[in-house]
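Thanks for coming. I'll take a few minutes on one protein, from a single strand outwards. Please bring it up on your screens.

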Amino acid sequence: MEVKGATATEIKRHGSFTHPTNRTPKSKRLGRERCYSFHNYDDGTVEAPKMSFRVVRSSKFRHVYGQAMKREQCYDNIRVSKSSWDSTFCAVNPKFLAIIVESAGGGAFIVLPHNKVGRIPADHPLVGGHKGPVLDIAWCPHNDNVIASGSEDCVVKVWQIPDGGLSRTLTEPVVDLVYHQRRVGLVLWHPTAQNVLLTAGSDNQIAIWNVGTGEVLISLDCHPDLIYSACWNWTGSKLLTTCRDKKIRIIDPRKGEVESEAIAHEGSKASRAIFLKHGLVFTTGFSRMSERQYTLRTPDELNEPIVTVEIDTSNGVMFPLYDPDTNLIYLCGKGDSVIRYFEVTPEPPFVHYINTFQTPDPQRGIGMMPKRGCDVATCEIAKFYRLNNSGLCQVVSMTVPRKSELFQEDLYPDTLSDEASQTADEWLAGEDAEPCTMSLKERALLVQGGYVSGRATQLTVTKRNALATPRDREREREREKDDRSPTPAQRDSQAPTPAAATPPPAFTAMVEKQMSDLMDEIRKLKSVIVKQENRIRALEATVKAGLAPPAPAPPAPSPAPAASPAVSPAAEHNHDDDDMAPDEV
């Protein structure tokens with residue numbers, strides 16, 4: 001038998017292949033067969049054995065690890081809501097942490113600044129204006145002081161949180177959004193348009209609001225059953241929803257049309273779906289055998305998943321939390337004590353498992369910090385706030401190990417900023433815009449572990465006439481544009497000062513001389529005041545000692561008064577009458 005490229009020594013080394021009767025132990029044979037392999041050709045020749053190596057996938061996020069903060073750096077004594085609604089119960093932004101809590105006589109949630117760690121007092125102020133339990137909350141991505149909440153009382157409320165947190169319980173919202181006939185379990189802000197909010201209720205309706213005017217822009221009635229989740233795509237032009245009928249739908253919200261739909265998961269429990277940055281669809285749900293699984297799909301072929309992977313047999317709903325900067329997906333199940341994270345790449349198998357962060361306590365809810373709130377000095381790429389049943393909000397930091405303390409540009413590309421790229425009217429008119437981004441290297445302020453927004457914008461609501469005609473609305477828009485445009489006086493005040501207006505040196509010297517004279521006068525006045533204070537103290541001491549104060553100097557003789565004309569007795573009598581009261585005689 002001929003062997004291609006093999007020597008007699010190599011064949012002798014593998015006697016187990018050439019002499020089947022002389023077999024080595026199975027353990028050694030399996031190890032040898034893993035390293036060497038033969039291939040038989042039709043002509044009777046055998047290919048030489050080759051050493052095979054397992055190639056490890058190259059990724060800068062392969063060694064990402066999670067680390068829980070100490071209990072002193074977490075938030076304790078929080079009465080997390082016991083509602084059975086499938087929600088994360090937590091929302092985070094670079095300024096505040098909001099958690100839905102148990103409240104008697106209605107629904108409420110607590111808002112904490114990030115520096116208020118430790119044990120939270122039981123009487124801490126709440127945001128409580130709902131008449132029923134709060135089911136979902138969401139921070140505005142374009143204003144870190146504005147948060148929306150949906151409740152079982154069928155009302156959506158938008159709140160303005162002052163800088164520094166709450167000093168008393170807040171019960172007056174900025175605006176009430178009343179449309180749904182049943183409880184509202186989902187609130188979601190638009191990623192690019194200013195003041196555009198999506199709400200979904202148990203009445204199977206989706207409403208898209210302009211919070212700045214308090215009116216419904218679009219209402220969608222294309223779901224036959226309860227809506228589980230909703231997600232905007234990267235530009236906010238498409239909407240992805242999951243429903244109790246086991247289908248996922250891609251909707252054009254401005255046209256109100258369902259572009260495509262497909263069965264997501266065969267299980268009857270709740271499912272979730274999100275848009276990835278480049279347009280792919282990632283879903284989580286349950287199989288027919290109640291096994292938890294995730295899938296990856298393309299929008300054009302929703303019926304045929306690219307990847308379908310079964311994870312375990314737990315019964316908690318999995319929430320996919322996506323980081324568009326790193327293409328990492330974190331799967332957090334309700335009731336789980338682990339956080340699994342995966343990386344999505346263009347190479348098969350497309351969704352790569354990285355690692356699992358484990359804790360001893362199960363989680364009731366979870367919130368994810370935006371990238372502009374992460375600490376770039378420690379290479380932190382994600383930060384989670386886990387809600388435990390014991391009332392502890394545990395902070396978990398996901399970090400890439402790096403030795404250098406410099407800014408890692410490969411870990412922190414330009415991320416989403418807190419600025420809107422278009423207005424609500426522009427989006428409604430059909431315009432699409434990429435989200436505004438920012439560089440963490442230039443604008444990040446390392447204050448207590450991350451970026452802190454330096455501006456606080458007041459949310460104002462302008463009510464519009466519901467009976468106005470299109471022509472009236474066009475005039476109103478033109479009037480608003482005129483109000484926003486600067487006046488000539490403002491333009492003059494904003495105009496740069498020309499170089500020729502620089503004062504000459506002589507004028508500067510004169511001004512400095514006047515300033516020095518004024519300072520001398522102020523010093524003299526101060527010395528006089530000190531002398532008078534000393535004299536007053538001496539006089540007070542003399543009076544207290546019982547000694548008579550020194551006789552004051554005799555006043556200077558005043559000049560003799562001029563002779564006044566003689567006054568008759570009758571005139572004097574008239575003056576006396578003038579001094580008397582009206583009821584006196």
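Start with Thr242: its bridge partner in strand 21 is Ile248. Bear in mind that this is a predicted model. Strand 21 covers residues 247-252, and 4 bridges join strand 20 to it. The two run antiparallel. They make a hairpin with 3 residues between the strands. Look at Lys246 in that turn: it has a positive phi of about 75°.

Now the other neighbour. Strand 19 is also antiparallel to strand 20, and 5 bridges join the two. One position to pick out is Ile227, which stands opposite Cys243 in strand 20. This pair of strands is a hairpin as well, with 6 residues between the strands. Here Gly236 takes a positive phi, near 80°.

So much for pairing. What about cover? Strand 20 is mostly covered, with 5 of its 5 residues buried. In a regular strand, side chains alternate between the two faces of the sheet. Which residues of strand 20 lie on each side? Leu239, Thr241 and Cys243 are on one, Leu240 and Thr242 on the other. Both faces are covered.

Next, the loop between strand 19 (227-232) and strand 20 (239-243). Asn233 sits there. Is Asn233 buried or exposed? Buried, because its relative accessible area is 15%, and the cut-off for buried is under 20%. Its side chain reaches the backbone nitrogen of Lys238 at 3.1 Å. Beyond its neighbours within four places in sequence, Asn233 is in contact with Pro191, Lys238 and Phe275.

A second loop residue, for contrast. Arg71 is in the loop between strand 4 (65-68) and strand 5 (75-76). Arg71 is partly exposed, since its relative accessible area is 48% and the exposed class begins over 50%. Leaving out residues up to four places away in sequence, Arg71 touches Asp76 and Leu392. What separates Arg71 and Gly118 in sequence and in space? They are 47 residues apart in sequence, and 7.3 Å apart C-alpha to C-alpha.

Finally, the whole protein. The secondary structure comes to 9 helices and 35 strands. There are 585 residues, and buried ones make up 43%. Take contacts between residues at least 6 apart in sequence: 51% join residues at least 24 apart. The accessible surface comes to about 33000 Å². Carbon and sulfur atoms account for 53% of that surface.

That's the tour. Over to you.

Note on methods:
Residues numbered from 1 in each chain as written. Predicted model: local features only at pLDDT ≥ 70, side-chain atom pairs only at ≥ 80, totals over all residues. Heavy atoms only, no water. Helix = DSSP H or I, 4+ residues; strand = E, 2+ residues; numbered from the N terminus. Buried < 20%, exposed > 50% of the residue type's maximum accessible area, 1.4 Å probe, protein only. Polar contact = N/O pair within 3.5 Å; in protein donor to acceptor, adjacent residues only side chain to side chain. Contact = heavy atoms within 4.5 Å. Areas by Shrake-Rupley, 256 points an atom, 1.4 Å probe, with all protein chains shown as cover. Pairing = 2+ DSSP bridges.
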